[in-house]
Structure formats: C-alpha cells, structure tokens
Amino acid sequence: MTTLAITGATGALGRLVVADLLESGTAPDEVVAVVRNPAKAASLAEQGVTVREADYADPAALRTALEGVERLLLISGDAVGARVEQHTNVIEAARDAGVAHIVYTSILNADASSNPLVDEHIATEKVLAASGVAHTVLRNAWYSENYTTQLPQYLATGEILSATDDAPISAAARADFAAAAVGALRSAGAESRTFELGGPAFTLTELAEAITEATGTTVVHRVVSADELVATMTSDGQDATWPNIQARVDRSIAAGEMHTDSKALEELMGHAPTTITEVVRAAV
Ligand code: NAP
C-alpha cells in the first residue's frame with residue numbers, strides 16, 4: 001500500500017486532486033489529507049480519507065501529519081511573502097518523516113520569467129533541490145478559471161482589458177492540473193523531474209470570441225499599456241497594489257512567459273487538456 005498525502009486538500013486544487021485520486025481507483029485509506037482546518041474537511045473524512053491537521057507554520061504538526069507517508073503533493077500556499085518559510089517547513093518535515101518523493105506546484109517558466117509571483121516558487125524549488133528528497137516540480141501555468149471567474153465583469157463592460165499585447169497564454173483548467181498532479185504522484189520514483197505544464201494556448205482576443213459565441217453578448221479584447229491598465233483599474237479609487245501586480249503579470253505574458261509548447265500536461269494526465277472554449281462553456 002502506498003500512502004499519498006495532499007497538503008492544501010481543502011483548497012480548490014487539492015479537492016480536485018483528492019476527487020481524481022478516488023475516482024481513478026486509489027483506495028481512500030491510502031490518501032492522507034493534510035489540512036489546517038479539519039472542519040472544512042468533513043466531506044473528505046466521510047469518503048474514508050484520513051484527515052490530519054497541520055498548518056504550514058507548524059513544523060511539529062507537519063512532522064506528525066506526514067508520518068508513514070510515501071509520496072507527498074505539496075500544494076503551494078496562498079500567503080504571498082510567507083511561502084518560502086512555510087514550504088520549507090513542509091519539505092523539512094517530509095524529509096524528517098521519511099517521505100520518499102515530494103511533488104510541488106510551482107509556476108510556468110519559473111526560472112525565466114518576470115512574473116512577480118515567481119520568486120517564492122524558485123526559492124522553494126531550491127529548498128527542494130537541497131533537501132535530498134526525490135521530487136517532481138509541476139510548473140503550472142495560469143488556471144483558465146482566473147479568467148472565467150471574471151465573466152460577469154467581461155459581460156457587464158463588453159470588454160477584456162489587458163496589457164498582454166494579445167500574446168498567447170497556455171492556461172489550463174484547474175481540473176487538468178489536478179489530473180496531472182495525480183499522474184505525477186502515481187509515476188513518482190527515485191528520480192527528480194521538472195515539468196512545464198500548460199494547456200492549448202489562446203489569446204485574450206480568442207477568449208473574448210469564445211465568450212461572445214457562448215453567451216451571445218459581444219465581448220472584445222482591448223489592449224492597453226501597463227500605465228493605462230493601472231490608471232483604468234484605479235479610476236474608481238481602488239488601491240493600486242493589485243493593479244500594479246496585474247500590470248506586471250500582463251507584461252510578463254506579453255513577453256511570452258506564460259506560454260509553453262510542452263506536452264507534459266497531456267502526458268501526465270493521459271488525455272488531451274480541456275480547451276478554453278470548453279472551459280468558457282462550462283462557466284457560462
Ligand atoms: P486555494 O483554493 O486558495 O487553496 C490554497 C490551499 O492552501 C487551501 O487549502 C489552504 O487552506 C491551504 N493553505 C494556505 N495557507 C496554509 C497554511 N498556512 N497551512 C496549511 N494550509 C494552508 O488555491 P488553489 O486554487 O487550490 O491553488 C493552489 C495554489 O496554487 C495556491 O495556493 C497558489 O499558491 C497557487 N495558485 C495558482 C494559480 C494559477 O493560476 N496557477 C492561481 C492561484 C493560486 P484552507 O483550505 O484552510 O484555506
């Protein structure tokens with residue numbers, strides 16, 4: 001029996017990973033959900049999954065939670081700024097508990113990107129490399145849902161506003177990244193690997209066309225400069241912190257850094273990724 005542990009198991013990606021594992025034949029008693037809030041994990045426990053409580057900030061709890069685990073999926077946390085220390089706690093606890101392989105969710109082109117979110121992922125990849133534990137790095141592109149959750153705004157304004165220069169984006173459905181993580185957990189061995197994971201690329205003009213077709217409401221992609229993007233996003237008095245990050249993300253996309261020709265997503269999933277048209281139709 002191989003014991004697989006998933007951190008962040010009550011998050012959006014973690015829930016999809018656990019569901020995919022169980023649906024594709026892994027026995028519930030082989031799955032450990034590591035969560036910071038067990039109250040959110042009641043449905044996982046009801047399915048027979050072992051739920052263990054550990055916060056990324058609590059090395060002792062992490063060490064106990066990872067006891068007997070062979071392979072671990074470390075889902076990156078959401079506390080930007082605190083993540084290197086948090087992820088280091090998980091990696092060191094896994095090493096001390098004798099975990100044989102760690103799979104980690106990083107970001108696409110982490111070592112060659114100006115995306116403002118890459119630094120903590122690269123630092124975590126370095127901690128993994130120094131840990132001595134075999135590991136798989138899943139450099140995930142954007143979730144397509146980062147865009148489809150903004151559908152109401154796109155439909156209300158009739159436009160997608162960006163500073164991406166309409167460059168291609170290899171986003172993929174969150175469920176596809178979950179399926180790839182399951183594939184990586186199942187195929188994890190003694191060797192360490194890094195995969196660039198992205199879906200069929202689309203531009204935001206193509207996204208606008210897919211939304212127009214699926215809803216009957218015309219939506220267009222309007223390309224602006226980074227300064228215009230920030231000015232527009234802050235015209236209602238909104239704080240500039242997020243708009244500035246968004247502008248840097250868009251310029252990174254414009255530089256081709258959220259694009260990959262890699263077929264690793266499909267290979268790890270074992271089937272073709274969902275297209276943006278399908279994700280839009282599902283969201284509508
Ligand atoms: P999510 O729904 O926010 O899930 C994050 C998970 O991390 C949650 O389960 C959360 O626990 C857990 N977590 C956060 N801080 C923790 C801590 N201190 N100790 C223990 N657990 C902690 O995000 P997601 O959609 O599943 O995505 C997974 C990760 O991918 C994110 O955390 C982020 O690093 C990254 N991400 C990627 C993209 C992309 O487009 N590729 C977009 C957004 C985020 P709770 O359930 O208790 O909140």
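This briefing walks through a protein and its ligand, from overall build to single residues. The model is predicted. The protein has 13 helices and nine strands. A shell of 21 residues surrounds the ligand. The protein covers 82% of the 890 Å² of accessible area that the ligand has on its own.

**Overall build**

- The protein has 284 residues and a radius of gyration of 19 Å. A compact globule with 284 residues would come near 19 Å, so the value agrees with that picture.
- Along the principal axes, the C-alpha atoms fill a box of roughly 55 × 35 × 35 Å.
- Of the 284 residues, 49% count as buried.
- The protein exposes about 12,200 Å² of surface. Carbon and sulfur atoms supply 50% of that area.
- Take the contacts between residues at least 6 apart in sequence. Of these, 77% join residues at least 24 apart.

**Around the ligand**

- Which residues come nearest to the ligand? They are Thr10, Leu13, Lys40, Ser76 and Gly77.
- Thr10 uses its side chain: a polar atom there lies 2.7 Å from an oxygen atom of the ligand.
- Ala12 uses its backbone: an N or O atom lies 2.9 Å from a ligand oxygen.
- Leu13 also offers a polar backbone atom, and an oxygen atom of the ligand is 2.7 Å from it.
- Two elements give two or more residues to the shell: helix H1 (12-23) and helix H4 (83-97).
- The shell is mixed in character. It divides into eight nonpolar, seven polar and six charged residues.

**Two residues of helix H4**

- Asn89 has its place in helix H4. Its relative accessible area is 13%. The cut-off for buried is under 20%, so Asn89 counts as buried.
- Beyond residues up to four places away in sequence, Asn89 touches Tyr56, Ala57, Pro59 and Leu62.
- Ala94 is found in helix H4 too. Ala94 is buried, because its relative accessible area is 0%.
- Which residues does Ala94 touch, not counting those up to four places away in sequence? They are Leu66, Leu72, Val99 and Ile102.
- Ala94 and Ser131 are 37 residues apart in sequence. In space, their C-alpha atoms are 9.6 Å apart.

**Two loop residues with positive phi**

- Asn109 has a phi near 55°. That is a positive value in a residue other than glycine.
- Asn109 lies in the loop between strand S5 (101-107) and helix H5 (118-131).
- Is Asn109 buried or exposed? Asn109 counts as buried, because its relative accessibility is 16%.
- Asp166 has a phi near 60°, again a positive value in a residue other than glycine.
- The loop that holds Asp166 runs between strand S7 (159-162) and helix H8 (174-187).
- Asp166 has a relative accessibility of 24%, so it counts as partly exposed.

**Val223 and its contacts**

- Val223 lies in strand S9 (residues 220-223).
- Why does Val223 count as partly exposed? The reason is its relative accessibility of 40%. Partly exposed is the class between under 20% and over 50%.
- Leaving out residues up to four places away in sequence, Val223 touches Ser162, Asp165 and Asp166. Asp166 is the loop residue with a phi near 60°.
- Val223 and Val49 are 174 residues apart in sequence. Their C-alpha atoms are 47 Å apart in space.

**Thr260 in its loop**

- Where is Thr260? Thr260 lies in the loop between helix H11 (241-254) and helix H12 (264-269).
- Thr260 counts as buried, because its relative accessibility is 14%.
- The side chain of Thr260 reaches the backbone nitrogen of Ser262 at 3.0 Å.
- Thr260 also touches Leu108, Ser170, Glu196, Leu197 and Gly198, not counting residues up to four places away in sequence.

Notes
Residues are numbered from 1 along each chain as its sequence is written. This is a predicted model: local features need pLDDT of at least 70, side-chain atom pairs count only at pLDDT 80 or more; totals for chains, interfaces and linings use all residues. Side-chain values use heavy atoms; hydrogens and water are left out. A residue is near a molecule or strand if one of its heavy atoms lies within 4 Å of it. A polar contact is a pair of N or O atoms within 3.5 Å; within protein, one must be able to donate a hydrogen and the other to accept it, and residues adjacent in sequence count only if both atoms are side-chain atoms. Accessible areas come from the Shrake-Rupley method with a 1.4 Å probe; for residues, only the protein chains shown count as cover. Helices (H or I, at least four residues) and strands (E, at least two) are DSSP runs, numbered from the N terminus. Ala, Val, Leu, Ile, Met, Phe, Trp, Tyr, Cys and Pro count as nonpolar, Asp, Glu, Lys and Arg as charged, and the others, Gly among them, as polar. Buried means under 20% relative accessible area, exposed over 50%, partly exposed in between (1.4 Å probe, protein chains only). Contact means heavy atoms within 4.5 Å. The radius of gyration is taken over C-alpha atoms; the globule rule is 2.2 Å times the number of residues to the power 0.38.
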